Amino acid sequence: MAGTSVIELDRTALIHNLNFLQHFLGDEVKISSVVKSNAYGHGIEQFVPIAETAGIRHFSVFSAAEAEAVCNVKKPETDVMIMGWMSDEEIEWAIEKDLEFFVFEIIKLEKAAEKAKKLNKVAKIHIEVETGLNRTGFTQKQLVKVVKFIKENRDLFYIQGLCTHYAGAESIANHVRIQKQIRKYNQLYKWLWNRDIIPEIRHTACSAAAIAYPRTRMDMVRVGILQYGFWPTRETFIQYINKRMDKTDPLMRVLSWKSQIMSIKKVKTGEFVSYGTAYLAQEDKVIAIVPVGYSDGYSRSLSNMGRVIIDGQIAPVIGVVNMNMLIADVTHIPGVKRGDEVILIGADNGIEITLASFADFNNQLNYELLARLPMNIPRKVIN
Ligand SMILES: *Cc1c(COP(=O)(O)O)cnc(C)c1O
């Protein structure tokens, strides 16, 4: 059965973005491609092999299930790092598979030691330190125990990395907090070094930090949103562009999301469209029904706000977004008919629907809309 919509991945755009990032960051900085949430909705299965073509050999995910999805398609020599949740069984699985993972709790460290011993293998760990995000990560006080435990179990661990995560590097408003985190991280790194805990690599930066705070790049950056062609925020883009002569956006959108018109109908002046009173026709209208709704990840918050492209023209989303359908105003589009392509995200005829175009009021919408694109929408690689 065909889905009601399809997600296309532009291979050329993705390779372009990764080449740009590699060039921008230079040879000294390794890129870990962050592919959590099904590669920000793009599809792990399709995304990973293309990224490998561009030379990526390190991927970051949140969960063991995502790591498994990467393992199913990656090259044998490519590394995978689990940054978040793992059950005890998954810790064992990860050690067996030589996967890298974050530790941020003594209990996880103890479990890792227990499993490594059982498997007669080494756990490749990244010690996550708390520097001010106040989420996961060891405080300096807890690190005393960590050091002691690792020293007692030296042969069970390989200290692959020392890491932390910033509390909003995409906004200048957080500047002081980020600077404090950088200092704290560097201090903890030295502190561990002095106690003979020497991680192979240091990594702290996400996309925004890598752009706005060059000092955070260190040995590796964990790049998510940029590789997909989106800036974390408008601010981050401006910070990048301010330092250059060329003011054009170096990134290309990788993902397009398309459906088609399911039905067309005329609505008379004074009628309400769809549930309730969200939209009143103030003149005679032609409307197109599109079989995509919030169950497909098209957020209800785009009711009366979203825009789509039909026949090369912008069509506003009117009324509330339903579970399986949305309605677009096509009054101004001559010759529009059932079966015509509807671009929910993407470009045509020099017009672009970017997530950011709805998102001026909320930059997080890029991340959220992408991450919510359901797994079951078919992904197709083009170009
Ligand atoms: C998601 C995530 C990243 C990547 O963030 P982007 O803003 O998409 O670059 C990096 N590090 C951690 C720990 C993350 O959870």
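**View 1. Helix 3 is mostly covered by its surroundings.** In this predicted model, seven of the 10 residues of helix 3 are buried, where buried means under 20% relative accessible area, exposed over 50% and partly exposed in between, using a 1.4 Å probe and protein chains only. The buried residues are Ile 44, Gln 46, Phe 47, Val 48, Ile 50, Ala 51 and Glu 52. Helices here are DSSP runs of H or I with at least four residues, strands are runs of E with at least two, and both are numbered from the N terminus. Past the helix comes Gly 55, with a positive phi near 100 degrees.

A word on reading these views: residues are numbered from 1 along each chain as its sequence is written, and side-chain values use heavy atoms, leaving out hydrogens and water. As the model is predicted, local features need pLDDT of at least 70 and side-chain atom pairs count only at pLDDT 80 or more, while totals for chains, interfaces and linings use all residues.

**View 2. Helix 1 packs against helix 3.** Helix 1 (residues 11-25) and helix 3 (residues 44-53) meet at an angle of about 50 degrees, and their axes are 9 Å apart. Axes are lines fitted to C-alpha atoms, for helices over the stretch in contact, and angles run from 0 to 180 degrees between N-to-C directions. The two helices are therefore oblique to each other; angles under 35 degrees count as roughly parallel, over 145 as roughly antiparallel, 65 to 115 as roughly perpendicular and the rest as oblique. From helix 1, the contact takes in Arg 11, Leu 14, Ile 15 and Leu 18, and from helix 3 it takes in Phe 47, Ile 50, Ala 51 and Thr 53. Contact means heavy atoms within 4.5 Å.

**View 3. Eight strands close into a barrel.** The strands run in the order 2-3-4-5-6-7-8-9, with parallel pairing, and the twist averages 30 degrees from one strand to the next. Two strands pair if DSSP finds at least two bridges between them. Strand 2 (residues 30-34) and strand 3 (residues 58-61) are joined in the parallel sense over two bridges, and Ser 33 has Phe 59 as its bridge partner in strand 3.

**View 4. Strand 8 sits between its two partners, strand 7 and strand 9.** Four of the five residues of strand 8 (residues 201-205) are buried, so this strand is largely enclosed by the rest of the structure. Its parallel pairing with strand 7 (residues 157-163) spans three bridges, where Leu 162 is partnered by Arg 202 of strand 8. With strand 9 the parallel pairing spans two bridges, and Ala 205 stands opposite Val 221.

**View 5. Ile 225 lies in a loop.** This loop is between strand 9 (220-223) and helix 10 (234-242). At 1% relative accessibility, Ile 225 counts as buried. Leaving aside neighbours within four places in sequence, Ile 225 is in contact with Tyr 40, Ser 207, Phe 230, Trp 231, Pro 232, Asn 366, Tyr 367 and Leu 370.

**View 6. Three strands form an open, antiparallel sheet.** The order is 11-12-15, with strand 11 (263-267) and strand 15 (326-329) as the edge strands, each pairing on one side only. Strand 12 (residues 285-290) and strand 15 share four bridges in the antiparallel sense; Ala 288 finds its bridge partner in Ala 328 of strand 15.
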